[in-house]
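Biologist: I'd like to learn how to read a protein model, one feature at a time. Can we start with charged pairs?

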Amino acid sequence: MTEAVVQEPAGRTTVSDRAVQRIAARAAQEVDGVRGQVTVDARVTGDSAVLSVRLPVRYPLPVARIAEQCRNHLIRRTAELAGLAVTGLDISISEMVVESHSTAVDSAVARVR
């Protein structure tokens, strides 16, 4: 005797705009050359998100290269962590951050250890 297996709908996971903002801000800070407070606005619609990112970049690093690395990283990490496709991503450079000499020295020493 065989039993019929009833397939239940898989359900749906919803990720809020605020959660995506936090995920994207943290992901942007993972990119080498991004310094300071990253600000993100996110709009989630279904399985996609549109992001607007204000990015502080360490001076004198090349802004275009950092922005492109950040763009690729945000798209990948948002998909990994939130399960959302990023369909729009605007990045504006909010400031160029100059590290003090002591901060740069401390950073170099920490990398050597």
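Modeller: Sure. A salt bridge here is a side-chain nitrogen of Lys or Arg within 4 Å of a carboxyl oxygen of Asp or Glu. Keep in mind that this is a predicted model.

Biologist: How many salt bridges does that rule give?

Modeller: Six salt bridges. The general idea is that side chains of opposite charge can pair when their charged atoms come close. Take Arg77 and Glu30: their side chains form a salt bridge, 3.2 Å from N to O. Arg77 sits in helix 2 and Glu30 in the loop between helix 1 and strand 1, 47 residues apart, so this pair links distant parts of the chain.

Biologist: Which residue forms a salt bridge with Glu80?

Modeller: That's Arg76, with the closest N and O atoms 3.0 Å apart. These two are four residues apart in helix 2, so about one helical turn separates them. Salt bridges with shared partners then join Glu30, Arg76, Arg77 and Glu80 into one network.

Biologist: What about a pair between strands?

Modeller: Look at Asp41 and Arg54, whose side chains meet in a salt bridge at 3.3 Å, N to O. Asp41 is in strand 1 and Arg54 in strand 2, so the pair ties together parts 13 residues apart in sequence.

Biologist: Is Asp41 buried, exposed or partly exposed?

Modeller: Buried means under 20% relative accessible area and exposed means over 50%, with partly exposed in between. Asp41 has 38%, so it is partly exposed. Arg54, at 29%, also counts as partly exposed.

Biologist: Now the inside. Which residues touch the most other members of the largest nonpolar core?

Modeller: Val38, Leu51, Val53, Leu55 and Leu74, out of 26 residues in that core. Helix 1, strand 1, strand 2, helix 2 and strand 3 each supply at least two of its residues. Zoom in on Val53: leaving out residues up to four places away in sequence, its contacts include Val38, Leu74, Leu89 and Ile91.

Biologist: Which residues form a nonpolar patch on the surface?

Modeller: Tyr59, Val63, Ile93, Met96 and Val98, with about 430 Å² of accessible area together. One of them, Ile93, is in strand 3, and its 32% relative accessibility makes it partly exposed.

Biologist: Last one: where is Pro60?

Modeller: Pro60 is in the loop between strand 2 and helix 2. Check the peptide bond from Tyr59 to Pro60 there: this bond is cis, with omega near 10°.

Key
Residues numbered from 1 in each chain as written. Predicted model: local features only at pLDDT ≥ 70, side-chain atom pairs only at ≥ 80, totals over all residues. Heavy atoms only, no water. Core = buried A, V, L, I, M, F, W, Y, C linked by side-chain atoms within 4.5 Å. Buried < 20%, exposed > 50% of the residue type's maximum accessible area, 1.4 Å probe, protein only. Contact = heavy atoms within 4.5 Å. Patch = residues over 30% accessible without salt bridge, like charges linked within 9 Å, V, L, I, M, F, W, Y side chains within 5 Å. Areas by Shrake-Rupley, 256 points an atom, 1.4 Å probe, with all protein chains shown as cover.
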